[in-house]
Amino acid sequence: MRRAVCPGSFDPVTNGHLDIIGRASKLYDEVVVAVLVNKKKHRLFSVEERMDMLRSETGAYDNVTIDSFYGLTVDYCVAHDIRTVVKGLRAVSDFDYELQMAQMNHGLAGVETLFMATNPLYSFLSSSLVKEVATFGGDVSAHVPESVSARLTERLADGS
Ligand code: PNS
């Protein structure tokens, strides 16, 4: 059984993430989207909310499941018997750090990283940019699913 993990913060999930997850689901028998629990970083959405959005938006894929993890991605992989991490690469600027992580992850646990070239439609897209644009009333409807856009509007309006 070929299994892979797509790790990330997903605060919130964007169309770019969903493109990578959908394409990974065609390459692997099972894909786990693993949401990082990072207590040190302030997030707009809780882990449960982020997982909920991911569940709704990946419901069409039978072989995609959503989970969360705390700590190292490789520890999650080892604990769940997963040998491959799938990451989207948007631009050369992503590459330096991603390469370091891929090499470290391989050294730590023999976990392989598959880099998938981001669809050019999403090469400029990040959760941070989406949040910044939405914060100042910009239209993000082309960059995140409709339900995520609605949640963003609601969350930013309530000021939390
Ligand atoms: O969506 P993000 O924030 O760009 O995702 C980054 C993430 C969660 C994939 C990365 O920071 C990560 O794997 N964090 C878990 C801790 C870890 O394994 N760090 C890398 C050590 S080589």
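There are 8 salt bridges to hunt for in this structure, and since you're looking at a predicted model, take the tour as a walk through computed geometry. Three of the bridges get a stop below, followed by the sheet, a loop residue and a surface patch.

**Stop 1: Arg-3 and Glu-30**

Select Arg-3 and Glu-30 and show their side chains. They meet in a salt bridge, with N to O at 3.1 Å. Now colour by secondary structure: Arg-3 belongs to strand E1 (residues 3–8) and Glu-30 to strand E2 (residues 30–36), so this link spans distant parts of the chain, 27 residues apart. Switch on a surface and neither residue disappears entirely: Arg-3 is partly exposed at 23% relative accessible area, and Glu-30 is partly exposed too, at 29%.

**Stop 2: Glu-49 and Arg-155**

Next, pick Glu-49 and Arg-155. Their closest N and O atoms sit 2.5 Å apart in another salt bridge. Glu-49 is in helix H2 (residues 47–57) and Arg-155 is in helix H6 (residues 146–157), so the pair ties together parts 106 residues apart in sequence. Is Arg-155 buried or exposed? With a relative accessible area of 15%, Arg-155 is buried, because the cut-off for that label is under 20%.

**Stop 3: Lys-87 and Glu-98**

Select Lys-87 together with Glu-98. This salt bridge has its closest N and O atoms 2.8 Å apart. Lys-87 comes from strand E4 (residues 84–89), while Glu-98 comes from helix H4 (residues 92–109), so here a strand and a helix are tied together across 11 residues of sequence. Both ends are hidden: Lys-87 counts as buried at 15% relative accessibility, and Glu-98 counts as buried at 14%.

**Stop 4: the sheet**

Hide the side chains and go to cartoon view. What is the strand order of the open sheet? Reading across, you get E3-E2-E1-E4-E5, 5 strands with parallel pairing. The edges are strand E3 (64–69) and E5, each of which pairs on one side only. Turn the view to look across the strands and you can follow the twist, which averages 30° from one strand to the next.

Zoom in on E2 and E3: these parallel neighbours are joined by 6 bridges. For a landmark, pick Val-32, whose bridge partner in E3 is Thr-65. Then bring in helix H1 (residues 15–27), which packs on the sheet and touches E1, E2, E3, E4 and E5. The direction of helix H1 makes about 120° with that of E5.

**Stop 5: Thr-118**

From E5, move along to Thr-118, in the loop between strand E5 (112–117) and helix H5 (127–135). Despite the loop address, Thr-118 is buried, with a relative accessible area of 13%. What does Thr-118 touch, leaving aside residues up to four places away in sequence? Select Ile-20, Arg-23, Gly-88, Leu-89, Arg-90 and Ser-123 to see the contacts.

**Stop 6: a nonpolar patch**

Last, turn the surface back on and select Leu-72, Met-104 and Leu-108. These residues form a nonpolar patch on the surface, with about 310 Å² of accessible area together. Click on Leu-72 and you land in the loop between E3 and helix H3 (73–79). Leu-72 is partly exposed, at 47% relative accessible area.

Methods: Residues numbered from 1 in each chain as written. Predicted model: local features only at pLDDT ≥ 70, side-chain atom pairs only at ≥ 80, totals over all residues. Heavy atoms only, no water. Salt bridge = Lys/Arg side-chain N within 4 Å of Asp/Glu carboxyl O. Helix = DSSP H or I, 4+ residues; strand = E, 2+ residues; numbered from the N terminus. Buried < 20%, exposed > 50% of the residue type's maximum accessible area, 1.4 Å probe, protein only. Contact = heavy atoms within 4.5 Å. Pairing = 2+ DSSP bridges. Axes fitted to C-alpha atoms, helices over the stretch in contact; angles between N-to-C directions. Patch = residues over 30% accessible without salt bridge, like charges linked within 9 Å, V, L, I, M, F, W, Y side chains within 5 Å. Areas by Shrake-Rupley, 256 points an atom, 1.4 Å probe, with all protein chains shown as cover.
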